[in-house]
Amino acid sequence: MKTNGSASQEARKMGGAEGGRSLRDQPWRDSEHMRLGVTAHMMGVDDARDQLENESRDVLEGQPSYWARQRGVERGRQATGRAARRITLETNTTSESFVFSPENSVMSQNGCLEDAGYLKCDTDDASETREASLGDEAFDTVNSSIVSGDSVRFFVNVNLEVQPSQSESELPRGSGLLHTSRKFLKLKNFEEEIRAHRDLDGFLARASIILNETATSLDDVLRAMLCRLAHDPHNTEPDCNLDVLMAMLFTDAGAPMEGKAVHLLSDTIQGVTATVTGVQYQQSWLCIICTYKALLKRHVCISRLVRPQNWGENSCEVRFVILVLAPPKMKSTKTATEVGRTFATMFLDITFRQKLLKTHTEEEFKEALVHQRQLLTVTRQCSSISTESTIYTHRSSQPPQHTDFLPVGKGIREDIARRLSVYPLDFTDGIIGKNKAVGKYITTTLFLYFACLLPTIAFGSLNDENTNGAIDVQKTMAGQSIGGLLYALFSGQPLVVLLTTAPLALYIHVIRGICDDYNLDFNTFYAWTGLWNSFFLTLYAIFNLSLVMSLFKRSTEEIIALFISITFVLDAVKGMVKIFQKYYYGHHLRNEYKDSAAPANLLGLSTSLNTSLHTALNTSLLAGPPELTAVGNHAPEPPARDTAVLSLLLMLGTLWLSYTLYQFKKSPYLHPRVREILSDCALPISVLTFSLIGSYGFKEIKMSKFRYNPSEDLFGMAEMRSLSLTAISSAMGLGFLLSMLFFIEQNLVAALANAPENRLVKGTAYHWDLLLIAIINSGLSLFGLPWIHAAYPHSPLHVRALALVEERVEHGHIHDTIVNVKETRLTTLGASILVGFSLLLLPFPLQWIPKPVLYGLFLYIAVTSIDGNQLFTRMALLLKDQTSYPPTHYIRRVPQRKIHYFTGLQVLQLLLLCAFGMSPLPYMKMIFPLIMIAMIPIRYNLLPRIIEAKYLDAMDAEH
């Protein structure tokens with residue numbers, strides 16, 4: 001296909017064949033072999049290979065074998081099939097279609113047969129004038145077709161969208177980097193990626209620069225660059241063989257020359273520019289990268305040719321050659337591709353290349369590199385500032401000002417206005433229209449039902465023990481159903497899950513102790529404490545105090561989230577230890593009963609003071625049987641070791657089966673839809689399976705079950721006038737501390753659910769949800785039902801259960817990415833209704849669920865919540881080899897030592913939380929919310945004195 005350009009473009013077309021001859025220019029090849037090489041360009045790869053094998057065997061026989069090993073022999077065969085596909089370029093303004101034909105096929109630089117006709121690009125007088133003015137850069141870009149039509153469409157459509165205005169010193173519009181594999185590489189971000197500066201500093205320290213290279217063939221140029229590196233005293237490589245390294249640069253390394261008319265570069269990076277007519281290659285520079293196991297460190301050499309050289313279709317006017325060598329076992333940010341990406345980003349600017357042509361000494365060349373780095377840093381910094389406010393909308397870049405809190409009710413009004421417009425969609429999305437997700441809703445509802453029901457039973461049994469039956473399992477389930485139903489209907493973010501939690505059970509325990517000490521009515525004092533809590537929450541919502549949560553950085557949120565996950569694990573372990581103390585080491589319990597002392601747990605904490613969920617639950621369960629609660633005439637049961645062993649197997653089996661089914665969607669077995677259903681129903685399947693095994697499979701073995709006492713008055717209202725003013729004032733103090741816990745937990749869990757990586761699109765409603773929580777808990781307090789607030793990790797797990805997740809590979813590392821989430825109210829609504837109907841299943845069959853199965857459930861929730869926690873991931877880096885580090889944003893932007901420093905400081909804060917949150921003293925646990933608030937000044941005032949603020953912000957960034 002012929003373009004409408006000038007005669008200069010005709011010359012460039014002919015340059016492809018001439019470039020092939022220069023690429024094959026070897027002193028021991030004769031003219032007959034040169035003729036066969038040109039024939040190979042005009043024929044299919046397979047036919048050319050057969051002819052060369054027959055006609056040139058005698059010519060090459062007896063010649064020394066130059067190549068060390070063979071790589072990429074089949075690339076030409078595979079490319080032949082790909083080139084026969086229709087290549088369609090779709091843009092906003094034009095659509096061109098090209099069909100491969102044998103008579104116009106040529107071999108590209110990368111060894112792939114491509115369409116010889118360039119993409120249509122009408123050149124006018126202005127373009128000719130520009131070529132004349134640029135001199136050596138006149139033929140910098142030539143239109144070329146690309147084998148992968150999908151990659152072209154993606155690159156063109158993305159880069160032709162609205163782009164920020166750029167100055168002359170910035171990169172050309174729509175410019176990018178193209179790898180040999182036809183994969184587009186991201187430009188190096190000099191403002192954020194720390195390795196970009198370190199790559200250049202390392203090159204400047206031991207620069208290998210050839211300013212006036214007179215060689216004309218690519219082989220001679222590369223051999224001169226390798227010799228320059230070999231003779232450089234700073235680049236000592238004792239085990240490096242130049243001949244083998246030279247061979248590694250090409251695809252036919254190690255192959256005999258019989259049947260080989262050309263040898264092609266194996267790994268390159270080139271600059272391309274997207275236009276409305278297709279993709280243009282930058283012809284004046286070429287970056288060649290190579291990985292060689294005999295190398296000890298990375299090497300970079302830059303060669304500036306005296307005259308432009310024609311080395312192939314997409315390298316018609318090469319003036320600069322960048323050679324990057326690196327060993328294979330390198331950190332993901334130090335590979336040869338990453339180093340090549342650094343220098344390729346710099347050479348992408350045509351103004352910079354023109355400046356390099358005018359340099360006369362190596363010092364001037366280095367100064368130009370440093371100046372270009374400064375320009376790229378400033379440019380990237382300006383663009384990142386302009387986009388930061390648009391990307392991270394859920395987290396304000398500036399701390400809230402005093403004036404932000406003054407408009408009373410402003411946040412509530414904005415939240416209602418934001419969510420009211422999409423309220424009907426919360427019921428119809430996934431049910432009506434395209435992209436139906438009814439099956440996903442059903443499986444998520446079942447998961448949410450079991451994830452809420454079992455902790456509710458556990459907390460109900462705990463509250464029953466702590467309050468002597470004032471708040472029992474029935475009331476806990478009723479409060480969970482009513483509160484969850486109201487929140488699902490009227491909340492601004494229905495994906496958040498409400499539960500009663502361990503800290504709330506602690507407050508209930510403390511209130512019961514105060515009432516016993518001062519002879520107060522528990523229901524009334526409990527109601528007043530809850531009303532004061534709701535009063536303070538209402539004030540927080542009206543005066544927009546949820547804006548304070550913007551001060552909680554991602555690192556702070558993940559410390560608290562990891563702390564909650566650790567408490568689940570530790571409490572499950574302590575619970576199992578108590579089972580072993582009772583059934584496996586029964587003589588210890590017998591001695592303790594003789595001494596009339598309460599059983600102590602493994603950590604030596606008093607049971608009466610231990611307010612952790614599962615430890616206190618174990619106490620209530622152990623105290624359930626009459627023979628254990630009575631002291632005097634009744635002796636404890638003899639030890640039953642089979643019960644302890646079976647309990648351990650049930651707990652580990654529940655964890656194993658649930659987590660295996662959760663990961664089953666990544667396996668190759670069964671149909672994808674079946675795998676997805678099994679993954680979504682992992683928790684219900686595992687709980688039901690091992691409950692049946694424990695209750696029916698081993699009937700002769702006695703298993704512990706949760707405490708249950710039926711309520712006499714399920715919805716009895718408290719008598720509010722029975723307390724004195726002094727008691728009401730003391731309830732206000734407890735209500736204030738309780739409101740701090742509600743405020744932090746509700747907003748923190750909502751922020752984790754609304755994280756940018758979850759890609760939620762319907763907006764947030766922090767202020768309205770806080771007010772709704774106050775209203776719901778006011779009603780629960782009056783009727784003696786347990787309080788509820790947003791629960792972690794149930795809420796993020798709920799979001800992930802409704803998400804469409806894809807596995808993506810980046811630099812050899814697989815990571816999960818959420819594509820979209822079905823934002824609906826139906827799942828939480830259905831789960832709350834099912835919890836309410838479960839009141840009919842008390843005491844049986846719900847009491848058939850063994851206690852170890854509950855522990856396995858808690859372990860499963862903890863393990864799945866830890867997965868994806870950045871703090872836990874960075875802690876794991878301390879045990880990994882550097883070559884296994886994932887290419888995350890903080891690995892690229894922050895020095896490794898700073899990352900480990902930051903991780904260590906986070907671990908210290910985590911230990912501080914554990915010291916207060918897991919303390920055996922209940923009153924120390926009550927000030928736990930104040931410790932979480934104290935982490936804000938630690939992050940803003942203390943950490944910047946140890947680690948630079950830019951590195952802290954990079955590690956706190958979402959991506």
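# Worked exercises on helices and single residues

Ten residues to find first: in H18, the buried positions are Leu504, Ala505, Leu506, Tyr507, Ile508, Val510, Ile511, Arg512, Ile514 and Cys515. Keep in mind that you're looking at a predicted model.

**Exercise 1.** Check whether the end-to-end length of helix H18 (residues 502–518) agrees or disagrees with its residue count.

*Solution.* Start with the count: H18 has 17 residues. At 1.5 Å a residue, these should span 24 Å. Now take the end C-alpha atoms, which sit 25 Å apart, so the two values agree. Just past the helix comes asparagine 519, with a positive phi near 55 degrees.

**Exercise 2.** Run the length check on helix H28 (residues 766–782), then decide how enclosed H28 is.

*Solution.* H28 has 17 residues, for which 24 Å is expected at 1.5 Å a residue. The end C-alpha atoms are 25 Å apart, which agrees. Next, burial: 13 of the 17 residues are buried, so H28 is largely enclosed by the rest of the structure. After H28, look for glycine 784, where phi is positive, near 70 degrees.

**Exercise 3.** Work out how helices H16 (residues 438–466) and H25 (residues 672–680) are arranged, and which residues make the contact.

*Solution.* First, the geometry: the two axes come within 9 Å and cross at roughly 25 degrees. Angles under 35 degrees count as roughly parallel, so H16 is roughly parallel to H25. Second, the residues: H16 brings Gly439, Lys440, Thr443 and Phe447, while H25 brings Arg673, Glu676, Ile677 and Asp680. Third, sort them by class, and you get two nonpolar, two polar and four charged residues.

**Exercise 4.** Do likewise for helices H34 (residues 896–917) and H37 (residues 949–956).

*Solution.* The axes are 11 Å apart and the packing angle is about 75 degrees. The range 65 to 115 counts as roughly perpendicular, and that is therefore how H34 and H37 lie to each other. From H34, the contact takes Lys898, Ile899 and Phe902; from H37, it takes Tyr951, Leu952, Met955 and Asp956. The tally by class is five nonpolar, no polar and two charged residues.

**Exercise 5.** Place proline 238, glycine 176 and serine 647, and say for each whether it is buried or exposed.

*Solution.* Proline 238 belongs to the loop between helix H9 (218–231) and helix H10 (242–248). Its relative accessible area is 65%, so proline 238 is exposed. Leucine 295 is 57 residues away from proline 238 in sequence, but the C-alpha atoms are 8.6 Å apart in space.

Glycine 176 is part of strand S6 (residues 175–179). Its relative accessible area is 4%, so glycine 176 is buried. Tyrosine 281 is 105 residues along the chain from glycine 176, with 9.8 Å between their C-alpha atoms.

Serine 647 is in helix H24 (residues 641–662). Its relative accessible area is 2%, so serine 647 is buried too. Leaving out residues up to four places away in sequence, serine 647 touches Met576, Ile579, Met703 and Pro852.

**Exercise 6.** Now zoom out: give the secondary structure totals, the share of buried residues and the share of contacts joining residues at least 24 apart.

*Solution.* Count the elements and you reach 37 helices and 17 strands. Of the 959 residues, 55% are buried. For the contacts, take those between residues at least 6 apart in sequence: 78% of them join residues at least 24 apart. As for the surface, about 40,600 Å² is exposed, and carbon and sulfur atoms supply 59% of it.

Conventions:
Residues are numbered from 1 along each chain as its sequence is written. This is a predicted model: local features need pLDDT of at least 70, side-chain atom pairs count only at pLDDT 80 or more; totals for chains, interfaces and linings use all residues. Side-chain values use heavy atoms; hydrogens and water are left out. Axes are lines fitted to C-alpha atoms, for helices over the stretch in contact, and angles run from 0 to 180 degrees between N-to-C directions. Helices (H or I, at least four residues) and strands (E, at least two) are DSSP runs, numbered from the N terminus. Angles under 35 degrees count as roughly parallel, over 145 as roughly antiparallel, 65 to 115 as roughly perpendicular and the rest as oblique. Contact means heavy atoms within 4.5 Å. Ala, Val, Leu, Ile, Met, Phe, Trp, Tyr, Cys and Pro count as nonpolar, Asp, Glu, Lys and Arg as charged, and the others, Gly among them, as polar. The expected span of a helix is 1.5 Å times one less than its number of residues. Buried means under 20% relative accessible area, exposed over 50%, partly exposed in between (1.4 Å probe, protein chains only). Accessible areas come from the Shrake-Rupley method with a 1.4 Å probe; for residues, only the protein chains shown count as cover.
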